[in-house]
Structure formats: structure tokens, C-alpha cells
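Open your viewer and keep the selection tool at hand. We will walk from a whole chain to helix pairs and then to single residues.

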Amino acid sequence: MRELALNILDIAENSLSAGAKHVEIAVCADLEKDRMKIVVRDDGCGMDEEMLARVTDPFTTSRTTRKVGMGIPLFKFSAESAGGNFDIRSKKNKGTEVTAEYVISHVDRMPLGDFGGVVLQLVTMNPAMDFTVTAACSGREGVLDTREVREILGEDIPLSAPEVRAFLKEYIQENLVDIFGGRL
Amino acid sequence: MKSLEELRALREKMKSQTDNRSVAGSDETVIKVGMATCGIAAGARPVLEALLDEAEKRQLHNVSISQTGCIGMCRLEPIVEVFKDGQKYTYIYMTADKARKVIADHVVNGNPCKEYLIGEN
Ligand SMILES: Nc1ncnc2c1ncn2[C@@H]1O[C@H](COP(=O)(O)OP(=O)(O)OP(=O)(O)O)[C@@H](O)[C@H]1O
Ligand SMILES: [Mg+2]
């Protein structure tokens with residue numbers, strides 16, 4: 001992975017596989033402290049303690065097509081190789097929370113990349129799932145909640161409708177430019 | 001800057017238009033893009049975006065595009081599966097450009113892009 005946004009997509013795909021109904025994604029940066037934090041939290045099936053302990057080891061996976069799960073180890077590595085740290089908490093039948101922290105100016109910190117595109121993909125391609133996406137940077141903050149969007153649109157217009165998708169694409173990009181200004 | 005309030009106006013506009021999107025019948029084409037770690041790392045996102053963009057540009061109403069988990073052949077990602085005319089076609093090592101070609105040649109004109117199909121490389 002060359003962009004943190006792709007790691008975020010990948011971790012959110014785990015939430016999807018875990019049957020989550022609601023996923024919260026937050027990217028929060030503090031330029032003065034030179035730190036940024038990514039959190040992905042879901043209300044999916046969670047993991048028991050034994051699984052949780054093994055999950056950051058690249059030879060753990062519950063998938064059947066291949067032995068090695070790489071998503072979580074890659075995300076962990078992205079943080080730990082950029083002066084940051086990584087944390088995963090989970091409760092069986094409750095949900096999972098994954099947190100990665102970075103030193104923004106660290107030479108090995110990957111760029112955030114196309115976070116807007118990833119958010120657009122997540123919210124428009126997963127009709128059965130709701131997302132709360134927060135972007136914050138040194139005092140500026142924006143939140144996109146798909147429950148709010150669905151309420152405005154009503155039941156018969158999906159978020160994937162081309163007109164809605166085009167609107168959301170611009171809406172997300174404009175807000176992210178305003179908040180992050182390409183600094184991440 | 002855009003606000004969510006504009007969505008209300010958009011909704012009203014969409015409701016007043018007659019919906020010709022619901023005419024999709026048994027001739028529907030289903031397209032799936034593998035979006036697990038292996039697919040994402042290999043570039044599945046630009047492929048998905050190209051498919052959506054091309055389908056939208058051509059106003060294809062009988063095509064459904066979605067993402068799926070690991071298809072089980074990680075080395076061949078990005079993988080795109082096309083279900084059309086009762087058959088399954090597996091395209092491997094996809095790129096945005098190849099994806100556009102699959103829409104044009106296969107989905108629209110009914111000629112599978114043999115050179116991208118699994119087993120042909
Ligand atoms: N949010 C989650 N909720 C419940 N279980 C999870 C969650 N995230 C990960 N897991 C469990 O941890 C395992 C390892 O996840 P990881 O993303 O590292 O690999 P994977 O998803 O199995 O494969 P891939 O390499 O395609 O990501 C998963 O198979 C799943 O069982
Ligand atoms: Mg995964």
C-alpha cells in the first residue's frame with residue numbers, strides 16, 4: 001500500500017466482512033504536535049481474546065481461500081515505521097476499534113492519498129452500511145454521516161444514484177481540501 | 001462550499017424525473033471487483049472507478065457494479081468478474097484502461113476481451 005487511504009479502505013472492508021451496520025472512520029491531525037491519528041470503529045461481530053492476540057501476526061486469518069491475513073499487519077507497520085503506534089481492541093459480538101498514530105513529518109510516513117475517493121467508494125458501494133466519517137485538522141473539522149444523507153434522500157433514492165454520487169464526490173472533496181488543504 | 005441542504009433540491013429534481021433506471025431486466029450485466037487487501041494493493045480502486053465512470057458516461061442502466069472480497073487468486077489481482085448472458089468471465093491483471101475496454105467491447109458490444117481473461121495470458 002502506498003497511501004494510508006488504501007489502508008483505511010482495507011480496514012473498513014474488514015468491518016464489512018464482520019457484518020457491521022455502522023462504521024466510524026476518523027482522520028485527525030494536529031499540525032503543531034506533528035501527529036495524526038486514524039481510527040476505524042465498527043459494531044460488527046468482533047473477535048475473542050485469542051483471535052485478537054493473534055491478529056497482528058501476518059499468519060492469522062479466518063479466511064479460507066488463503067492462509068495469511070495481511071490487512072491489519074500492513075496497517076500496523078505503516079504506523080510503527082513512521083514513529084507512531086498501533087492499537088486494536090475488540091469484543092466478541094460488540095465490535096472492533098483500530099487506531100493508528102503517525103508522526104506527520106516522519107520520512108517514512110505514507111501520504112494520506114485519495115481519502116476523499118475512498119470515502120466516496122465506501123459510502124456509495126455499501127447500501128446496507130452506515131458511515132460516520134470525521135476529518136479534523138488543527139481546529140477545522142467536518143463530519144459526513146450517511147444516516148443524515150439517507151434521511152434527506154428518502155427511501156427510494158440510493159446513495160449510489162449517479163446524481164447523488166456526483167454531488168457527494170464534490171461535497172467530500174471540497175470539505176477535505178478545506179480541512180486538510182493537502183497537508184497530509 | 002457545498003452543503004447537504006443542496007441534496008434536498010437534488011432529491012426533488014430526481015423525483016420529478018421519470019425513472020428509466022428501473023427497466024433493467026433479465027439481460028442485466030453484473031460486474032464485481034475484488035476489494036480485499038490483495039486487490040486494493042494491486043490497484044483495484046482505479047479499476048472500480050473507471051468501470052463506474054464508463055458505465056455512467058454511457059448511461060448503462062442494465063449494469064450493476066459492486067465490490068467483493070478476496071476472489072482467491074491474489075497474484076492475479078486486480079480481478080474483475082463479469083456475469084453476462086448466463087456466463088461468468090474472469091478478467092485478471094486489470095487496469096483502468098482495460099476496464100474501460102471491457103465496458104466498451106464486452107458489456108456494450110457483447111465481445112469478451114479474450115486477451116484479459118484468465119487462462120489466456
Ligand atoms: N473489524 C473486524 N471485526 C471482526 N473481525 C476482524 C475485524 N478485522 C479483522 N478481523 C479478523 O482478523 C482477521 C485478519 O484480518 P486481516 O485484515 O489482517 O486479514 P484478512 O482480512 O483475513 O485478509 P486480507 O489480507 O485480505 O485483509 C480477519 O480474517 C478477521 O477474522
Ligand atoms: Mg482484511
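Start by selecting chain B and think about its contacts between residues at least 6 apart in sequence: 61% of them join residues at least 24 apart. Keep in mind on this tour that the model is predicted.

**Stop 1: chain B as a whole**

With chain B still selected, colour by secondary structure, and you should find four helices and four strands. Follow the chain from the N terminus and the elements come in the order α-β-α-α-β-β-β-α. The C-alpha atoms of chain B fill a box of roughly 50 × 35 × 20 Å along the principal axes. Chain B has 121 residues, and 42% of them count as buried.

**Stop 2: a strand residue in chain B**

Now select Glu81(B), which sits in strand S3, residues 80-84 of chain B. Is Glu81(B) buried or exposed? Its relative accessibility is 8%, and because buried means under 20%, Glu81(B) counts as buried. Show side chains and look for Lys88(B): its side chain makes a polar contact of 3.4 Å with the side chain of Glu81(B). Leaving aside neighbours within four places in sequence, the residues in contact with Glu81(B) also include Val30(B), Ile31(B), Lys32(B) and Ile71(B). Tyr89(B) and Thr90(B) are among its contacts as well.

**Stop 3: a helix pair across the chains**

Next, select residues 115-125 of chain A, helix H4, together with residues 44-57 of chain B, helix H3. At what angle do these two helices pack? The angle is about 60°, and the axes are 12 Å apart. That angle makes H4(A) oblique to H3(B). The crossing of the two, H4(A) and H3(B), is left-handed. To see where they meet, show Gly117(A), Val118(A), Gln121(A) and Met125(A) on the H4(A) side, with Arg45(B), Leu48(B), Glu49(B) and Leu52(B) on the H3(B) side. Colour this contact by residue class and you get four nonpolar, two polar and two charged residues.

**Stop 4: a helix pair within chain A**

Keep H4(A) on screen and add helix H1, residues 4-17 of chain A. H1(A) and H4(A) pack at an angle of about 20°, with 8 Å between their axes. That makes H1(A) roughly parallel to H4(A). Here, for H1(A) and H4(A), the crossing is right-handed. From H1(A), the contact takes in Ala5(A), Ile8(A), Leu9(A), Ala12(A) and Glu13(A), while H4(A) brings Phe115(A), Val118(A), Gln121(A) and Leu122(A). By class, the contact of H1(A) with H4(A) has seven nonpolar, one polar and one charged residues.

**Stop 5: an aspartate in H1(A)**

Stay on helix H1 of chain A and pick Asp10(A). Asp10(A) is buried, with a relative accessible area of 2%. Which side chain does Asp10(A) reach with a polar contact of 2.8 Å? The partner is the side chain of Thr37(B). Beyond neighbours within four places in sequence, Asp10(A) is in contact with Met1(A) and Gly71(A), and also with Ala36(B), Thr37(B) and Ile40(B).

**Stop 6: a threonine in chain A**

For the last selection, go to Thr99(A) in strand S4, residues 95-103 of chain A. Thr99(A) is buried, at 12% relative accessible area. Setting aside neighbours within four places in sequence, Thr99(A) is in contact with Lys37(A), Ile38(A), Val39(A), Asn85(A), Phe86(A) and Asp87(A). To finish, draw a C-alpha to C-alpha distance from Thr99(A) to Tyr171(A): they are 26 Å apart in space and 72 residues apart in sequence.

Conventions
Residues numbered from 1 in each chain as written. Chains lettered and ligands numbered in written order. Predicted model: local features only at pLDDT ≥ 70, side-chain atom pairs only at ≥ 80, totals over all residues. Heavy atoms only, no water. Buried < 20%, exposed > 50% of the residue type's maximum accessible area, 1.4 Å probe, protein only. Polar contact = N/O pair within 3.5 Å; in protein donor to acceptor, adjacent residues only side chain to side chain. Contact = heavy atoms within 4.5 Å. Axes fitted to C-alpha atoms, helices over the stretch in contact; angles between N-to-C directions. Parallel < 35°, antiparallel > 145°, perpendicular 65-115°, else oblique. Left-handed = near helix turned anticlockwise from the far one by under 90°. Nonpolar A, V, L, I, M, F, W, Y, C, P; charged D, E, K, R; others polar.
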